[in-house]
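I opened my notebook for a first walk through this structure. Here is what I looked up, entry by entry.

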Amino acid sequence: MKAVAAVAAIVLLLVAPIVLRPHPPQGVARTLVIISPHGESTRSEFGRAFGIWASKELGFSVEIDWRTPGGTSDITRLLEETYRGNFRQAHHELSTEALAAFNDAKVDAPGSTASDEQKLGRMTFLASETSVGMDLWWGGGLLPHADFADKGFLVDAGMLREKPEWFTDEVIPQKLSGETVYDKQGRYYGACFSAFGICSSPDRLALLTPPDQPRAWADLGEARFLGQITMVDPTRSAAIVSALERLIQQRMAEASAGEPTPARLAQGWADAFVLIKRIAGNARALSDGASKAVRDVVRGDATAAICIDFHAKAEAEYSGEQSGGTERLVFAAPTGGTSISADPISMLRGAPHADLAKAFIRFVLSPEGQRLWDYKVGEPGGPIRYAMRRMAVRRDVYTSADRARMSDPDVDPFALAASFTYHPEWTSKLYRLIGPLTRAAILDPREELIDAWSAIIAAGGPEAVPAAWAEFTWMPFGYADAKANLDLINQGPPASLTLMRSWTTAAQGHYREAARLARASRVAARASSNGSAR
């Protein structure tokens, strides 16, 4: 009896904390924390639908705490700095060298020459549960998620093991025309597809000569769009960086003509930045967000803008309803100029509610979640308030029955992807350079650039003033030196700021000289014409 009593006492000690621990009152929702650049429509519809799904499948309600500090660039800065600060606070015993290497993927790469201290810092971080107090990062484009996966900020959510039947070419392909759809290590998953293109205002187009809708990137560089475009700052919008990268890739592909030699790729890179300059020269305003540029166009403040497909389609639908069916906005995806890019969802390291995070990813990738993206409002299984006008990543939700309920029944992302092949080896490692380079060499000296471009147009165009055009097309470096300049940018302030300021200062000088030469050439041409007339 004493032995039984002793065993019972031990069992009671073990079980009592479990039995007596406080449980949340029935009906009290659990919280999932998601950081995202997604707009109200996505947050509202998926928050509502997941709440219903969780009650049915998990047996309890879930509320989502949405964190929306800004665009993707704002989110990546916030997450990176928070991980850095929290890791340093938790591991203050490590050396400065070790702490600095915590997110450096090169440290654990094959053939690494990292020091023992750097390896210790990196290994400690990857073995830790360092947290930023948030569970999921959703949206913002593929490359930022891939970069964060390499840094160790994202962790495997287990979907590849849990639902292997989903991750096949017949359902969710791993690659599509060179683009990655989901990470082979399960650290990020494409939740939907996006395409990049051009939105324009039919009313304002009617005032131009010719009034044709812009359907190719090159169209936005035409002289008829002078003062007509809203340009978006690519250092504030990852979506615009991705769009510009596709523009660059198209020019590189055209210059390569099927034979991508270093010289041909370099020529395509240079051609692309000349086109970006022409587009910026046509800009009437500079915006800090891709969706804001679309609203400029739909209001009639601008004629055209580079945009993401779903921003334009959703705005076109809403504005059409508000204006009694009048078409206020049209969209074109440049054929051969845009890929179909996956927009991922990822679980953050140290997620405080990892089980809910995994459940949310599972819901988003399920047929039920995927149908929300493009079903019309009010359709069974569709959104109840907002039509999101986005493309699902699952092939099996494009059946004839599904298409009958879609806002865009004729859109086929898998067919569209066939018109463009993304070559990651050309530009993906330079993704972080595109924004700073465009900002410093093109947008910061925008006043001088617009003056030069206007003077060149007035003088008869680039062919009429080759000397001015040579000054206008100047860039601080070429494709061959891009990686070295990115390495300098990655050092951060003050080195990066000094470098970018040097690009701006030099660009200002070249644009001023271009304007002077163009005007001088125009004066000389007029004088010659007057002399001939006499």
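**Entry 1: the sheet**

I am working from a predicted model. I began with an open sheet of five strands, ordered E10-E9-E11-E8-E12, in which the pairing is mixed. Which strands stand at the edges? I found E10 (283–287) and E12 there, each with a single partner strand, so one side of each has no neighbour in the sheet. From one strand to the next, I noted an average twist of 35 degrees.

Next I went through the pairings. Strands of a sheet pair through backbone hydrogen bonds, and they can do so parallel or antiparallel. E8 (residues 196–200) and E11 (residues 304–308) run antiparallel and are joined by five bridges. In that pairing, I see Ile-198 of E8 with Ile-306 as its bridge partner in E11. E8 also runs antiparallel to E12 (residues 330–332), with three bridges between them. There, Ser-200 has Val-330 of E12 as its bridge partner.

E9 (residues 229–232) gives the parallel case: two bridges join E9 to E11. Thr-230 stands opposite Ala-305 in E11.

I also looked for a helix over this part of the sheet. H10 (residues 262–281) lies across E9 and E10, and runs at about 125 degrees to E9.

**Entry 2: E8 and the cysteines**

Is E8 buried or exposed? I count five of its five residues as buried, so the strand is largely enclosed by the rest of the structure.

Cys-199 is buried as well, with a relative accessible area of 0%. I wondered about a bond here, since a disulfide is a covalent bond between the sulfur atoms of two cysteines. How many disulfides does the structure hold? The count is zero. The closest cysteine sulfur to that of Cys-199 belongs to Cys-307 and is 3.9 Å away, too far for a bond; the cut-off is 2.5 Å.

Cys-192 has Cys-307 as its closest cysteine too, but the two sulfurs are 15 Å apart, again too far for a bond. Cys-192 counts as buried because its relative accessibility is 1%.

**Entry 3: two pairs of helices**

Two packed helices are described by the angle and the distance between their axes. I noted both values for two pairs.

My first pair is H3 (residues 72–90) and H6 (residues 142–151), whose axes come within 12 Å and cross at roughly 10 degrees. These helices are therefore roughly parallel to each other. On the H3 side I listed Thr-72, Thr-76, Leu-79 and Glu-80, which meet Pro-144, Phe-148 and Lys-151 of H6. By class, the residues of this contact are three nonpolar, two polar and two charged.

H6 is mostly covered, with eight of its ten residues buried. Among the buried ones are Pro-144, Phe-148 and Lys-151. Just after H6 comes Gly-152, with a positive phi near 95 degrees.

My second pair is H9 (residues 238–256) and H18 (residues 431–443), with axes that come within 10 Å and cross at roughly 100 degrees. They are therefore roughly perpendicular to each other. H9 brings Ala-238, Val-241, Ser-242, Leu-244, Glu-245 and Ile-248 to the contact, while H18 brings Tyr-431, Ile-434 and Thr-438. This contact has six nonpolar, two polar and one charged residues.

**Entry 4: loops worth a second look**

I went back to the loop between H3 and H4 (96–100), where His-91 sits. With 18% relative accessibility, His-91 counts as buried. Leaving aside neighbours within four places in sequence, His-91 is in contact with Leu-99, Thr-124 and Ser-128.

Where are the cis peptide bonds I noted? One runs from Thr-209 to Pro-210, with omega near -5 degrees; Pro-210 is in the loop between H8 (202–205) and E9. Another runs from Pro-493 to Pro-494, with omega near 0 degrees. I placed Pro-494 in the loop between H21 (482–489) and H22 (495–533).

Last, I noted two residues with a positive phi that are not glycines. Ser-177 has a phi of about 50 degrees and lies in the loop between E5 (175–176) and E6 (179–180). Ser-177 counts as partly exposed, at 25% relative accessibility. Arg-389 has a phi of about 55 degrees and lies in the loop between H14 (367–370) and E14 (391–392). Arg-389 counts as buried, at 14% relative accessibility.

Technical notes:
Residues are numbered from 1 along each chain as its sequence is written. This is a predicted model: local features need pLDDT of at least 70, side-chain atom pairs count only at pLDDT 80 or more; totals for chains, interfaces and linings use all residues. Side-chain values use heavy atoms; hydrogens and water are left out. Axes are lines fitted to C-alpha atoms, for helices over the stretch in contact, and angles run from 0 to 180 degrees between N-to-C directions. Helices (H or I, at least four residues) and strands (E, at least two) are DSSP runs, numbered from the N terminus. Angles under 35 degrees count as roughly parallel, over 145 as roughly antiparallel, 65 to 115 as roughly perpendicular and the rest as oblique. Contact means heavy atoms within 4.5 Å. Ala, Val, Leu, Ile, Met, Phe, Trp, Tyr, Cys and Pro count as nonpolar, Asp, Glu, Lys and Arg as charged, and the others, Gly among them, as polar. Buried means under 20% relative accessible area, exposed over 50%, partly exposed in between (1.4 Å probe, protein chains only). Two strands pair if DSSP finds at least two bridges between them.
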